[in-house]
Amino acid sequence: GGCSARRGGPGGRWEQNMQVARKMQYSPRVKRKVAPNKTTIADRLHKGPPKYRLPTTFVWRDNPDIEDECGGPVAPLSGESFCDVAMQLGLDRVLFVGDSLSWFQ
């Protein structure tokens, strides 16, 4: 298979990238549904509300050999590009289970 069949395989890793994190935030910022006197695990890990949601600070990096052969790292999907890809694949339904980006699961 081509590059799409090889992406996401062994040797890949999640890598924190704060430059991409800035672009991955919801706009406007999602309000968390947490009681005023309660803290979340993320609050405790970051010693206060984090600047960015931790899951949004990571990008997938394939094995370096695959990235070299396939033109670099996988680009994150935007809402618009997700719709374009879904149409190209002929998808007519999408199921989202939880939302790790906004902490609502």
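User: Which residue meets Glu67 in a salt bridge at 2.6 Å, N to O?

Analyst: This is a predicted model, in which local features need pLDDT of at least 70 and side-chain atom pairs count only at pLDDT 80 or more, while totals for chains, interfaces and linings use all residues. Residues are numbered from 1 along each chain as its sequence is written, and side-chain values use heavy atoms, with hydrogens and water left out. A salt bridge is a side-chain nitrogen of Lys or Arg within 4 Å of a carboxyl oxygen of Asp or Glu. The side chain that meets Glu67 in this way, at 2.6 Å from N to O, belongs to Arg61.

User: Is Glu67 buried or exposed?

Analyst: Buried means under 20% relative accessible area, exposed means over 50%, and partly exposed lies in between, using a 1.4 Å probe and protein chains only. Because the relative accessible area of Glu67 is 8%, Glu67 counts as buried.

User: At what N to O separation do the side chains of Glu15 and Arg61 meet?

Analyst: This pair links distant parts of the chain, since Glu15 lies in strand 1 (residues 13-16) and Arg61 in strand 2, 46 residues apart; strands are DSSP runs of E with at least two residues, helices are runs of H or I with at least four, and both are numbered from the N terminus. Glu15 is partly exposed at 26% relative accessibility, and Arg61 is partly exposed at 21%. Their side chains form a salt bridge with an N to O separation of 3.4 Å.

User: Which residue forms a salt bridge with Arg6?

Analyst: Arg6, in helix 1 (residues 3-6), has a partner in helix 4 that is 63 residues apart from it in the chain. Arg6 is partly exposed at 32% relative accessibility, whereas its partner is exposed, with a relative accessible area of 55%. With the closest N and O atoms 2.8 Å apart, that partner is Glu69.

User: Which backbone nitrogen does the side chain of Asp62 reach at 2.7 Å?

Analyst: Asp62 is found in the loop between strand 2 (58-61) and helix 4 (64-70), and Asp62 is buried, with a relative accessible area of 1%. Its side chain makes a polar contact with the side chain of Arg7 at 3.0 Å, where a polar contact is a pair of N or O atoms within 3.5 Å, one able to donate a hydrogen and the other to accept it, and residues adjacent in sequence count only if both atoms are side-chain atoms. The backbone nitrogen that the Asp62 side chain reaches at 2.7 Å is that of Gly8.
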